[in-house]
Amino acid sequence: MSFDPWGSWRAAAAQWAPPGTPAFGGVPGAGAGALPPPSFAEFARQFQQAAQAFLGAGGATPANEAFTRFLRERFAQLRMPWSFDASGLAGGPGGSGATASGAPGGSGWALGAGREHQERLQRLGAAAARLAAAQQRLELLWSDALREAAGSYAGQLGAQAGQDFKATPEALQGLYDRWVDCAEDAYGRMAHSEAYCDAFAEYVNAGSQWRNELQAGIEQWARLLDLPTRSEINSLELRLRELEQAARRDAGAAAGVAPARRTKRRTPP
Amino acid sequence: MNAAAAAGCSQRRAVLRRGKLTLYRYEPIARPGNGPPLLIVYALVNRPHMMDLQPDRSLIRGLLSQGIDVYLIDWGYPDGADRLATLADYIDEALPACVAEILRLHGIPALDLLGVCQGGVFSLCYTALHPAQVRHLITMVTPVDFHTPQDLLSKWVRKVDVAAWVGQGNVSGDALNQLFLSLMPFRLTQQKYVHLWNEQSRAQDPQQLENFLRVEQWIFDSPDQAGAAFREFVTWMYQENRLARGTLDINGLRVDLGALKLPILNLIGRRDHLVPPQSSAALQRLVGSSDYTALEFDLGHIGMYISARAQREVPPAIAKWLAER
């Protein structure tokens, strides 16, 4: 997914401009987004009116409630430039369609002091969506295999229709074992297919992505709380390994022991 | 069942400890033969006591009863401190240390090596790098060509981003269990329990139940895998098939199976669903030995260790092959 900041900005600006208004420049008018948010100018006008009414009333309770209600309603509807639903945008964040508009951090262009954290949350949301999609793909294939198995099983039983059947424990187990054979056969064919191998790999890769994003988020909090992180411990362990190897080399040299006997040449680069 | 059952049934003592690794020597139960000691190199996945599960299901007891002096490497349970351990650490540091200790204890220049499954891969690599220290090499249910058409595990991981999967830690043994179970999900997660229930309902047999649970305990007693080594093994073997292609390097040294000239015995499970027989059989075309023997048994992967047929056939076959040389 390529990131086109200029394209994203223009698309975002278009949401705040009336139809026909150039995306860049001009006075923002009625929005054109998915939800009908008030234009910024309209919002500013309403805010001004509500604020004046509140102040003019000297902060009296009815005015206070009215102003509070106004703020709650307007901010609930207001779509910040970085929180628009970008799922249909080409080239912008979430343009791949992988991000749900309700994902943590929203799905729009990250901007401002919290940009880095918003991007992290957006990546986590995208990873979760990817994982869910990958799981669904696998489940569909499972369903196909089970349907095939059921058909095969029914066909085998149908061949025995009309025969005497005594429901002894052995006979019932035989029926069950036959179902398992059908199921494993169908599953085996499906499991070897390229479609399943692709879906399985995608599921694992999506899960890895989700876990790694989650880990990055937890590490962020660990750093804030001055707790050790995996990255720090890895760095320490790498240093420890280097020290151990150097100590072994030095100990060997001091004892006059030749390096481990090799019967092969090193592979040329 | 008691805790001792988890460690195997034969008497043994530790002769070397190195990190999480323990090298065990088994107490003899028969008159010793004339051959060198046999070092068993088990896989990192699962615990090695499967080879010594119970008195009537123990390949190790079978080998001991043939007069073979048996050693076993127990790799232990890796934890977070081991996640940077690489394949070279196992194959070219830990394994040589165990071999060196055995050679020192016996005052001999070379021993016999039996590699099981992934341990067989380690054994092949070690022997290729240190051929002078191995007199006879035995591989059991060992994958060599990881790209045979029947290798489902290999197909599944071919497009997996292994580095992302491993991340910065170890790979959970539970996750690997789930992977293995999903190779035959209906049989391994349902049918065997249904059969157990039916059999116990017909004839309550505490011994059979205990045997079943002992195997169950082993199946789900899966150590975590050291992250770096796991990443290398899956990438180099399952994805890139370096061992069969002759492009595997350990510590900068090429593992050339064609340079293996020593006697080799390759034990193959004809019904092995984890290591397809074709994967093991590929060893024949890759080694340079003129004394190569392949024995196929009509057994699955686990059956090669614990089935009654395995107890009857495998240890005598190994002993006979060794005695002939």
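Here is a chat between a colleague and a modeller about a predicted model with a chain A and a chain B.

Colleague: Let's start with confidence. What ipTM does the predictor give the complex?

Modeller: Remember that this is a predicted model, so we look at the predictor's own scores. The complex gets a pTM of 0.78, and its ipTM is 0.88.

Colleague: And for chain B, which stretch has a pLDDT below 50?

Modeller: Chain B has a mean pLDDT of 93, and 98% of its residues reach 70 or more. One stretch falls below 50, and beyond near neighbours in sequence it has seven contacts in the model. Where pLDDT is low, the predicted coordinates should not be read in detail. The stretch to treat that way is residues 1-5 of chain B.

Colleague: Now chain A. What pattern does it follow along the sequence?

Modeller: Chain A has 269 residues, and 28% of them count as buried. It holds seven helices and zero strands. Read from one end to the other, the pattern is α-α-α-α-α-α-α.

Colleague: Take contacts in chain A between residues at least 6 apart in sequence. What percentage of them join residues at least 24 apart?

Modeller: Here a contact means heavy atoms within 4.5 Å. Among the contacts you describe in chain A, the share joining residues at least 24 apart is 54%.

Colleague: On to the interface. How much area is buried between chain A and chain B?

Modeller: On the contact side, 40 residues of chain A touch 47 residues of chain B. Carbon and sulfur atoms give 49% of the buried area. The area itself is about 3,800 Å².

Colleague: How many salt bridges cross that interface?

Modeller: The rule wants a side-chain nitrogen of Lys or Arg within 4 Å of a carboxyl oxygen of Asp or Glu. Glu237(A) and Arg83(B) pass, with their closest N and O atoms 3.5 Å apart. Across the interface of chain A and chain B, the count is four.

Colleague: Which element gives the largest share of the side of chain A that touches chain B?

Modeller: For polar contacts across the interface, the rule finds 23 residue pairs, both residues at pLDDT 80 or more. On chain A's side, the elements giving two or more residues are helices H4 (115-158), H5 (169-192), H6 (194-224) and H7 (230-254). By class, that side has 14 nonpolar, ten polar and 16 charged residues. The largest share, twelve residues, comes from H6(A).

Colleague: Let's look inside chain B. Arg18(B) and Glu93(B) meet in a salt bridge, so how many residues apart in sequence are the parts they tie together?

Modeller: Their side chains meet at 3.8 Å, N to O. Arg18(B) is partly exposed at 37% relative accessible area, and Glu93(B) is partly exposed at 29%. Arg18(B) sits in strand S1 (residues 12-18) and Glu93(B) in helix H2 (residues 87-106) of chain B, so the parts tied together are apart in sequence by 75 residues.

Colleague: What about Arg214(B): buried or exposed?

Modeller: Arg214(B) forms a salt bridge with Glu210(B), with 2.6 Å between the closest N and O atoms. Both lie in helix H8 (residues 206-219) of chain B, four residues apart, about one turn of the helix. Glu210(B) counts as partly exposed at 29% relative accessibility. The cut-off for buried is under 20%, and Arg214(B), at 9%, counts as buried.

Colleague: Which residue forms a salt bridge with Arg242(B)?

Modeller: Arg242(B) counts as partly exposed at 21% relative accessibility. Its partner is also partly exposed, with a relative accessible area of 29%. The closest N and O atoms are 2.6 Å apart, and the partner is Glu240(B).

Colleague: Which residues do salt bridges with shared partners join into one network?

Modeller: A search of the whole structure finds 30 salt bridges over all chains. Where salt bridges share partners, one network joins Asp291(B), Lys320(B), Glu324(B) and Arg325(B).

Colleague: Last one, on backbone angles. What is phi of Asn46(B) near?

Modeller: Asn46(B) is in the loop between strand S3 (38-41) and helix H1 (59-65) of chain B. Asn46(B) is buried, with a relative accessible area of 13%. Phi is positive here, in a residue other than glycine, with a value near 70°.

Key: Residues numbered from 1 in each chain as written. Chains lettered and ligands numbered in written order. Heavy atoms only, no water. Buried area = accessible area lost by both parts, 1.4 Å probe. Polar contact = N/O pair within 3.5 Å; in protein donor to acceptor, adjacent residues only side chain to side chain. Nonpolar A, V, L, I, M, F, W, Y, C, P; charged D, E, K, R; others polar. pLDDT = per-residue confidence, 0-100. Buried < 20%, exposed > 50% of the residue type's maximum accessible area, 1.4 Å probe, protein only.
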